[in-house]
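The following exercises concern salt bridges in a predicted model. Each task is followed by a worked solution.

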Amino acid sequence: MKRLFVLAVLALVAAGPSVADAQSGRPVLGFGEDRGRGAQAPLSQVLRNLAARYPGRHLNTTTGDYGGRPAYFVQWQMENGRVVVFVVDAESGQVIGRQGG
């Protein structure tokens with residue numbers, strides 16, 4: 001059941017950020033220069049920080065908004081086999097939420 005929830009969340013997040021901007025026809029990623037936001041933390045750094053705090057392995061990552069802020073949604077398999085989706089602020093690289101696990 002939890003795995004189904006995690007997959008549903010990832011599917012919704014993946015579907016949302018890749019909409020085309022109606023006026024310009026350019027893809028809208030949900031954050032970045034088009035929306036006047038700051039630079040985003042490199043995904044490689046985010047993954048290193050997660051690995052240092054939570055033993056396990058990276059499964060997948062999508063991007064989108066969380067509470068009006070740009071975010072990475074990182075699917076992570078913990079050592080015990082449970083899957084967690086970490087919500088990471090894309091600008092600061094800090095974990096701001098967690099789903100599952």
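**Exercise 1: A first pair**

The side chains of Arg-69 and Asp-89 form a salt bridge, with N and O 2.6 Å apart. Task: determine which strands hold Arg-69 and Asp-89, and state whether each residue is buried, partly exposed or exposed.

Solution.
1. Arg-69 belongs to strand S4 (residues 69-78), and Asp-89 to strand S5 (residues 83-89). The two residues are 20 residues apart, and their pairing links distant parts of the chain.
2. Buried means under 20% relative accessible area, and partly exposed lies between that value and 50%.
3. Arg-69 has a relative accessible area of 38% and is therefore partly exposed.
4. Asp-89 has a relative accessible area of 3%, so this residue is buried.

**Exercise 2: A second pair**

Task: identify the residue with which Glu-91 forms a salt bridge, and locate Glu-91 in the chain.

Solution.
1. The partner of Glu-91 is Arg-69, and their closest N and O atoms are 3.1 Å apart.
2. Glu-91 lies in the loop between S5 and strand S6 (95-100), whereas Arg-69 is in strand S4, so the pair ties together parts 22 residues apart in sequence.
3. Glu-91 has a relative accessibility of 26% and counts as partly exposed.

**Exercise 3: The whole structure**

Task: state how many salt bridges a search of the whole structure finds, and which residues are linked in a network.

Solution.
1. The search finds two salt bridges.
2. Arg-69, Asp-89 and Glu-91 are linked in a salt-bridge network.

Terms used
Residues numbered from 1 in each chain as written. Predicted model: local features only at pLDDT ≥ 70, side-chain atom pairs only at ≥ 80, totals over all residues. Heavy atoms only, no water. Salt bridge = Lys/Arg side-chain N within 4 Å of Asp/Glu carboxyl O. Helix = DSSP H or I, 4+ residues; strand = E, 2+ residues; numbered from the N terminus. Buried < 20%, exposed > 50% of the residue type's maximum accessible area, 1.4 Å probe, protein only.
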